[in-house]
Amino acid sequence: MLGFQDECWWTRLAQPDLFAWTTSGPLRLGGNARDPKGGGPEALACYGVLRADTGGMMLRFCDGRPVSATTEAFLGWVCEVLATEGKAVLALVWDNAAWHVSRRVRRGIEAHNRRVRRAKAGCRIRVCGLPVKAPWLNPIEPKWVHGKRAIVEPDRKLTAAEVRQRACNYYGCTLHPTLPKPQP
């Protein structure tokens, strides 16, 4: 299966750019104010794979920011799902983010592929890197933009749970538990 992978930040403060025709003045979405008492994370990190076979998205939100350990957990989950569908290889297209090209992730993918070969079951990973500074080559990038525009709420700041649920509803995928923050 060919998959295009990337991470995205779903901010709860800044509103996405929107365009609309109007006979009066331009429409503007203002930024949301920070909650002085806290009120949850101001942005949510999300891993995603755009599937070339179905056109669907596989999403997992994570606690904290994307790091190598979380990337490994996400890839393990994706491979489990694909293996249950009978897929033998995931051709994974992604950019050169530090948590993609790290030694830990490269070794983790190699170890995963060895385990799959030994067991003669599962889904191997074949990484196909994109050129540096060429995000427009990854078809998942416009999907993120459209999703952010689709879930916006002009009158209030969404809760973290609402952002997760609306994103999953928009992309037509199941909301899974967040990937935990790796322990040092």
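This briefing describes the fold of one protein chain, its helix H5 and its nonpolar cores. The model is predicted, and its secondary structure comes to five helices and five strands. Along the sequence these elements follow the pattern β-β-β-α-β-α-α-β-α-α.

**Overall chain**

- The protein chain has 184 residues, of which buried residues make up 39%.
- About 10,700 Å² of the protein chain is exposed, and carbon and sulfur atoms supply 55% of that area.
- Among the contacts in the protein chain with a separation of 6 or more, 72% are accounted for by residues 24 or more positions apart.

**Helix H5**

- Helix H5 covers residues 160-171, and its 12 residues should span 16 Å at 1.5 Å a residue; the end C-alpha atoms are 17 Å apart, which agrees with that expectation.
- The residues of H5 that are buried are Ala160, Val163, Arg164, Ala167, Cys168 and Tyr171; because they cover an arc of only 120° around the axis, they lie on the same side of H5.
- An α-helix has 3.6 residues a turn, so residues three or four places apart point the same way.
- On the face of H5 turned away from the buried side are the exposed residues Ala161 and Asn169.
- The packing partners of the buried H5 residues are strand E1 (2-11), strand E2 (43-51), strand E3 (57-62) and helix H4 (140-151).
- Gly172, just after H5, takes a positive phi of about 70°.

**Nonpolar cores**

- In soluble globular proteins, nonpolar side chains tend to be buried together.
- The largest nonpolar core holds 21 residues, and those touching the most other members are Trp10, Met57, Leu59, Phe61, Trp144 and Tyr171.
- Two or more residues of this core come from each of E1, E2, E3, H4 and H5, and H5 gives the most, with five residues.
- Apart from this core lies another, of 20 residues, which includes Ala45, Val49, Met58 and Leu92.

**Surroundings of Leu59**

- Leu59 is one of the residues that touch the most other members of the largest nonpolar core, and, leaving aside its neighbours within four places in sequence, its contacts include the H5 residues Ala167, Cys168 and Tyr171.
- With those neighbours again left aside, Leu59 is also in contact with Cys46, Tyr47, Gly48, Trp77, Trp144, Cys173 and His176.

How values were computed. Residues numbered from 1 in each chain as written. Predicted model: local features only at pLDDT ≥ 70, side-chain atom pairs only at ≥ 80, totals over all residues. Heavy atoms only, no water. Buried < 20%, exposed > 50% of the residue type's maximum accessible area, 1.4 Å probe, protein only. Contact = heavy atoms within 4.5 Å. Areas by Shrake-Rupley, 256 points an atom, 1.4 Å probe, with all protein chains shown as cover. Expected span 1.5 Å × (residues − 1). Arc of directions from axis to C-beta. Core = buried A, V, L, I, M, F, W, Y, C linked by side-chain atoms within 4.5 Å.
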